[in-house]
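Colleague: I should like to go through this model with you. Could we take the helices and the cysteines in turn?

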Amino acid sequence: MQSPTSPERGDFIREIVSADLRDGRHQTIVTRFPPEPNGYLHIGHAKSICLNFGIANEFGGRCHLRFDDTNPTKEEQEYIDAIQADVRWLGFDWGEHLYYASDYFEQLYEWAVYLIRAGKAYVDDLSADEIREHRGTLTEPGRNSPWRDRPVEESLDLFERMRKGEFPNGARVLRARIDMAAPNINLRDPVLYRIVHAAHPRTGDAWCVYPTYDFAHGQSDAIEGITHSICTLEFEVHRPLYDWFIENLPVPSRPRQIEFARLNVTYTVLSKRVLLRLVNEGHVRGWDDPRMPTISGLRRRGFPAEGIRDFAAMIGVAKSDSVVEVGQLEHAVRDVLNRKAARRFAVLNPLKVVIENYPEGQVEEMDVVNNPEDPSAGTRKVPFSRELWIEREDFMEDPPAKFFRLAPGREVRLRSAYFVACTGVVKGASGDIVELRCTYDPATLGGDSPDGRKPKATLHWISATHAMAAEVRLYDHLFTRPDPGADGDLFADLNPESEKVLQGCMVEPSLAELPVGETVQFERLGYFCPDPDSTPGRLVFNRTLTLKDTWAKLQAQGKQDS
């Protein structure tokens with residue numbers, strides 16, 4: 001059994017946490033997942049969720065869910081609700097520890113006043129553009145604002161009037177007084193508060209000034225007693241500022257910030273700004289479009305939460321940025337679905353087969369295995385009749401040498417049913433094949449022949465009498481290249497073939513009862529799940545993934561080569 005100081009798997013963050021416990025720096029580990037509610041969570045957030053909640057679970061601590069809701073112009077209750085649903089769906093629970101930065105607005109305001117009184121903050125009348133001009137560059141120091149030495153009492157008065165709403169947006173800001181010549185630009189008198197006349201999702205019109213993310217984040221951690229503030233690598237340059245606030249304010253605790261590499265995935269964009277554009281400009285159906293890398297999009301596409309958790313464990317935690325092959329995510333998902341997904345019959349491009357020597361009106365129920373990887377899944381009954389649907393691609397009138405499926409005069413096996421042989425082809429007025437005539441061998445019930453003959457192909461099928469019509473949506477990568485936008489125009493790399501909608505598909509009757517959220521394997525075709533658009537009278541399925549696992553094949557090839 002794992003002890004609280006022996007994590008299930010090792011990485012540099014878990015080593016730090018383990019050492020802090022062992023050395024007595026902390027008695028209980030407290031982490032947090034702190035999303036800004038200005039969009040939906042994506043697969044990169046899933047990595048952070050698995051890390052923060054995973055560490056808390058492994059070390060016997062707790063993980064808070066805290067919304068860093070400091071920008072009312074971009075935040076919505078819809079995002080708050082979606083984020084909570086996503087975290088729960090991934091399999092994690094914050095219990096009673098749900099918090100908001102807005103819970104601490106009064107305390108943060110008091111601490112801002114504390115800094116003013118200590119001569120470490122001042123109200124600045126420069127505009128945002130002027131502040132940017134004064135900030136300097138990576139090679140040149142910044143210049144002091146003409147308001148930097150404003151008297152303490154004057155700054156206190158102006159800050160209070162800012163809170164009361166006496167000034168318009170952008171008229172003034174509150175800045176920390178640190179060092180305009182600091183090599184780290186984040187320490188060049190950063191903005192702490194700005195005037196924003198906008199209703200907040202939780203506090204309404206109670207405030208006219210809002211703290212910046214940099215000011216609210218670390219202090220919120222301190223208020224909650226966070227022991228390890230785990231964040232992505234782009235916040236590394238913000239850590240000195242994080243520490244400066246902690247050192248210069250009477251905070252109740254001192255969290256430790258640790259940075260790790262954010263997730264980058266091929267054929268994928270994880271910029272929330274870009275994802276918002278994709279939604280707002282109609283390139284996708286919404287935040288939960290199955291082509292989106294959002295957690296809700298992956299869920300709608302049929303990715304199991306276990307597969308995403310396995311992916312997060314597979315890629316691990318690193319100190320430097322890298323790009324992960326999207327095939328690794330798909331491999332983790334396929335691995336789960338191959339073990340757990342029930343098998344079902346579906347025909348996406350139907351071609352009718354009439355078995356001429358099968359009794360008209362007769363229906364048999366064939367026992368079909370639900371999952372060959374899981375014997376406990378048992379079997380199901382699938383109706384079989386004289387008229388069937390098969391995949392059009394499973395027949396060729398004039399087949400090449402290595403085509404082993406159905407052709408004139410050739411016999412194939414129908415999965416869990418009989419051997420059938422093609423005896424004729426019916427064509428329409430335009431010359432297209434519209435129907436096949438076949439015969440069956442009654443002695444081959446179940447898929448084996450008493451005389452030992454073995455067809456080279458086994459086809460799936462659906463009874464035409466019992467088939468359910470369905471719309472099937474086939475999904476591919478949203479972008480055509482592994483590094484979208486590398487040539488400059490990100491949206492020029494959008495894949496016009498990322499979604500194909502097929503009408504007139506046929507599925508076995510049991511699929512009419514399949515609930516949204518459950519993914520199955522359409523035998524020989526891939527993994528599919530019902531879309532929320534699906535209704536009893538109009539079945540809609542999304543393709544989760546094809547059966548082909550290129551990444552696993554490459555991994556196997558690499559092992560052989562070595």
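Modeller: What follows is a discussion of helices, cysteines and one leucine.
This is a predicted model, in which local features need pLDDT of at least 70 and side-chain atom pairs count only at pLDDT 80 or more, while totals for chains, interfaces and linings use all residues. Residues are numbered from 1 along each chain as its sequence is written, and side-chain values use heavy atoms, with hydrogens and water left out.

Colleague: What is the span of helix α3?

Modeller: The end C-alpha atoms of α3 (residues 77-89) are 18 Å apart, which agrees with the 18 Å expected for its 13 residues. The expected span is 1.5 Å times one less than the number of residues. Helices here are DSSP runs of H or I with at least four residues, strands are runs of E with at least two, and both are numbered from the N terminus.

Colleague: Which residues of α3 are buried?

Modeller: They are Tyr79, Ile80, Ala82, Ile83, Gln84, Asp86 and Val87. Buried means under 20% relative accessible area, exposed means over 50%, and partly exposed lies in between, with a 1.4 Å probe and protein chains only.

Colleague: And what covers them?

Modeller: The cover of the buried residues in α3 includes β1 (30-33), α2 (43-58), β2 (62-67), β3 (98-100), α9 (272-280) and α10 (295-301).

Colleague: Which residues of α9 are buried, then?

Modeller: Val274, Leu275, Leu278 and Val279 are buried in α9. They lie on the same side of α9, because they cover an arc of only 140° around the axis. That arc is taken from the directions from the helix axis to the C-beta atoms. Arg273 and Asn280, on the other side of α9, are exposed.

Colleague: What follows α9?

Modeller: Gly282 comes just after α9 and takes a positive phi of about 80°. Gly91, which follows α3, also has a positive phi, near 105°.

Colleague: Turning to the cysteines, how many disulfides are there?

Modeller: The count is zero, where a disulfide is a pair of cysteine sulfur atoms within 2.5 Å.

Colleague: Why is Cys438 not bonded?

Modeller: The closest cysteine sulfur, in Cys422, is 4.7 Å from that of Cys438, too far for a bond. Cys438 is buried, at 0% relative accessibility.

Colleague: Finally, where is Leu156, and is it buried or exposed?

Modeller: Leu156 is in helix α6 (residues 152-164) and is buried, with a relative accessible area of 11%. Neighbours within four places in sequence aside, Leu156 is in contact with Val113, Ile116 and Arg117, contact meaning heavy atoms within 4.5 Å.
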